[in-house]
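Ready for a few exercises on reading a protein structure? Have a go at each task yourself, then walk through the solution.

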Amino acid sequence: KTALREVEQVELIKLPIFHGIAAAIYAQNGMLDRGKEELQKFQEMAPGFLPNLWAELDARNIPVDAQLRIGEDVRRLGFDVPPRPSATGPAEPDAG
């Protein structure tokens, strides 16, 4: 509930990530209509992020358990998220 209170007080609406985080927080709190609104804003501001969700999260070194929670939140909001390609963690650089 603290996150919900905070997201409703913050004025960072020009940053795409704000809308992505707000969407997840609303989804986690059962506020699906508000979450869908924020997810739509996020998609408009960062159109390539959700179609490449797992690669985007890997590139940001987001832990796997957090990635899976984010994926579930996005699914709750009606976005078709494919299964995560690998549950082993962020992508490792190619050694060869």
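**Exercise 1.** Which residue forms a salt bridge with arginine 84, and how far apart are the closest N and O atoms?

*Solution.* Keep in mind that this is a predicted model.
- Step 1: The partner of arginine 84 is aspartate 58, and the closest N and O atoms are 2.7 Å apart.
- Step 2: Now place the two residues. Arginine 84 lies in the segment after helix 5, while aspartate 58 belongs to helix 4, so the pair links distant parts of the chain, 26 residues apart.
- Step 3: Check the accessibility too: both arginine 84 and aspartate 58 are buried.

**Exercise 2.** Work out how many helices and strands the protein chain has, and give the pattern along the sequence.

*Solution.*
- Step 1: Count the elements: there are 5 helices and 0 strands.
- Step 2: Read along the sequence and you get α-α-α-α-α.
- Step 3: For some background on the fold, 33% of the 96 residues count as buried. Among contacts between residues at least 6 apart in sequence, 46% join residues at least 24 apart.

**Exercise 3.** Explain how glutamate 38 and lysine 41 sit relative to each other in helix 3, and say whether each is buried or partly exposed.

*Solution.* Side chains of opposite charge can pair when their charged atoms come close.
- Step 1: Glutamate 38 and lysine 41 meet through their side chains in a salt bridge, at 3.8 Å from N to O.
- Step 2: The two residues are 3 apart in helix 3, which means about one helical turn separates them.
- Step 3: Buried means under 20% relative accessible area. Glutamate 38 has 8%, so this residue counts as buried.
- Step 4: Lysine 41 has 36% relative accessibility, so this one counts as partly exposed.

**Exercise 4.** Describe the salt bridge of glutamate 56, then sort both partners by accessibility.

*Solution.*
- Step 1: Glutamate 56 pairs with arginine 60, and their closest N and O atoms are 2.6 Å apart.
- Step 2: Glutamate 56 comes out at 21% relative accessibility, so the label is partly exposed.
- Step 3: Arginine 60 is at 46%, so this residue is partly exposed as well.
- Step 4: For the whole structure, the tally is 6 salt bridges.

**Exercise 5.** Find out how many aromatic pairs the structure has, and describe the geometry.

*Solution.* A pair of aromatic rings is described by the distance of the centres and the angle of the planes.
- Step 1: Searching the whole structure turns up 1 aromatic pair.
- Step 2: The rings belong to phenylalanine 42 and phenylalanine 49, with 5.2 Å centre to centre and 75° between the planes.
- Step 3: Planes over 60 degrees apart count as edge-to-face, so that is the label for phenylalanine 42 and phenylalanine 49.
- Step 4: Phenylalanine 42 is buried at 4% relative accessibility, and phenylalanine 49 is buried at 12%.

**Exercise 6.** Tell where the lining of the largest pocket comes from, and what kinds of residues make it up.

*Solution.*
- Step 1: The largest pocket holds about 350 Å³ of space.
- Step 2: There are 20 lining residues; Gly20, Ile21, Ala24, Leu57 and Ile70 lie nearest the centre.
- Step 3: Helix 2, helix 3, helix 4 and helix 5 each supply at least two lining residues. Helix 2 gives the most, with 6 residues.
- Step 4: Sort the lining by type: 15 nonpolar, 2 polar and 3 charged.

Conventions: Residues numbered from 1 in each chain as written. Predicted model: local features only at pLDDT ≥ 70, side-chain atom pairs only at ≥ 80, totals over all residues. Heavy atoms only, no water. 1 Å grid on protein atoms, 1.4 Å probe; cavity = no way out; pocket = protein on both sides within 12 Å on 5 of 7 lines; lining within 4 Å. Points joined across faces, edges and corners; volume = space filled by probe spheres on them. Helix = DSSP H or I, 4+ residues; strand = E, 2+ residues; numbered from the N terminus. Nonpolar A, V, L, I, M, F, W, Y, C, P; charged D, E, K, R; others polar. Phe/Tyr/Trp six-rings, centres within 6.5 Å; stacked < 30°, edge-to-face > 60°. Buried < 20%, exposed > 50% of the residue type's maximum accessible area, 1.4 Å probe, protein only. Salt bridge = Lys/Arg side-chain N within 4 Å of Asp/Glu carboxyl O. Contact = heavy atoms within 4.5 Å.
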